[in-house]
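User: I would like to learn how to read the features of a small protein model step by step. Could you take me through them, giving the general idea and then the case at hand?

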Amino acid sequence: MNLRIKYRLYIHVDGKLIPEQYDRYEILNVREGIDPNDTKDYQELVKKLSKSINRSVNEFEVKNYETM
């Protein structure tokens, strides 16, 4: 199953994390039956996105997601 994830990336500026001006999108292939509303599944989704965009978990915020 593919999910289209909208997220906001944060960048380091003078020791602070500052959000970028625009949102970004990523399409992830996830296992069937994943429920992003479930805490455990959401954490799995965040970890997978983190690996995909090569950023640590605290450097982005997931805005929303939709199945494709």
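Analyst: The turns below go from the conventions to the fold, the strand pairing, the aromatic rings and some single residues. This is a predicted model, in which local features need pLDDT of at least 70 and side-chain atom pairs count only at pLDDT 80 or more, whereas totals for chains, interfaces and linings use all residues. Residues are numbered from 1 along each chain as its sequence is written, and side-chain values use heavy atoms, with hydrogens and water left out.

User: How many helices and strands are there in the protein, and in which order do the elements run?

Analyst: Helices (H or I, at least four residues) and strands (E, at least two) are taken as DSSP runs and numbered from the N terminus. By that rule the protein has 1 helix and 4 strands, and their order from the N terminus is β-β-β-α-β. The C-alpha trace spans about 40 × 20 × 20 Å along its principal axes.

User: Which strands pair with β1, and in what sense?

Analyst: Two strands pair if DSSP finds at least two bridges between them. Strand β1 (residues 2–13) runs antiparallel to strand β3 (residues 24–29), with 6 bridges joining the two, and I5 stands opposite E26 in β3. With strand β4 (residues 60–67), β1 pairs in the antiparallel sense over 7 bridges, and here L9 is placed opposite F60. The pairing of β1 with strand β2 (residues 16–19) is also antiparallel, over 4 bridges, and H12 has L17 in β2 as its bridge partner.

User: What lies between β1 and β2?

Analyst: These two strands form a hairpin with 2 residues between them, and D14 in the turn has a positive phi of about 50°.

User: How should I read an aromatic pair, and how many does the rule find here?

Analyst: A pair of aromatic rings is described by the distance of the centres and the angle of the planes. Rings of Phe, Tyr and Trp (its six-membered ring) pair if their centres lie within 6.5 Å, and planes under 30 degrees apart count as stacked, over 60 as edge-to-face and the rest as tilted. The count by this rule is 1 aromatic pair. The rings of Y7 and F60 have their centres 6.2 Å apart and their planes at 75°, so this pair is edge-to-face. The pair links distant parts of the chain, with Y7 in strand β1 and F60 in strand β4, 53 residues apart.

User: Are Y7 and F60 buried or exposed?

Analyst: Buried means under 20% relative accessible area, exposed over 50%, and partly exposed in between (1.4 Å probe, protein chains only). Y7 is buried because its relative accessible area is 4%, and F60 counts as buried because its relative accessibility is 8%. Of the 68 residues in the protein, 28% are buried.

User: Where is S50, and which residues does S50 touch?

Analyst: S50 is in helix α1 (residues 39–53) and is buried, with a relative accessible area of 11%. A contact means heavy atoms within 4.5 Å. Leaving aside residues up to four places away in sequence, S50 touches R55, S56, V57 and F60.

User: Is Q21 buried or exposed, and where is its place?

Analyst: Q21 is in the loop between β2 and β3 and counts as exposed because its relative accessibility is 62%. Q21 and V62 are 41 residues apart in sequence and 15 Å apart in space, C-alpha to C-alpha.
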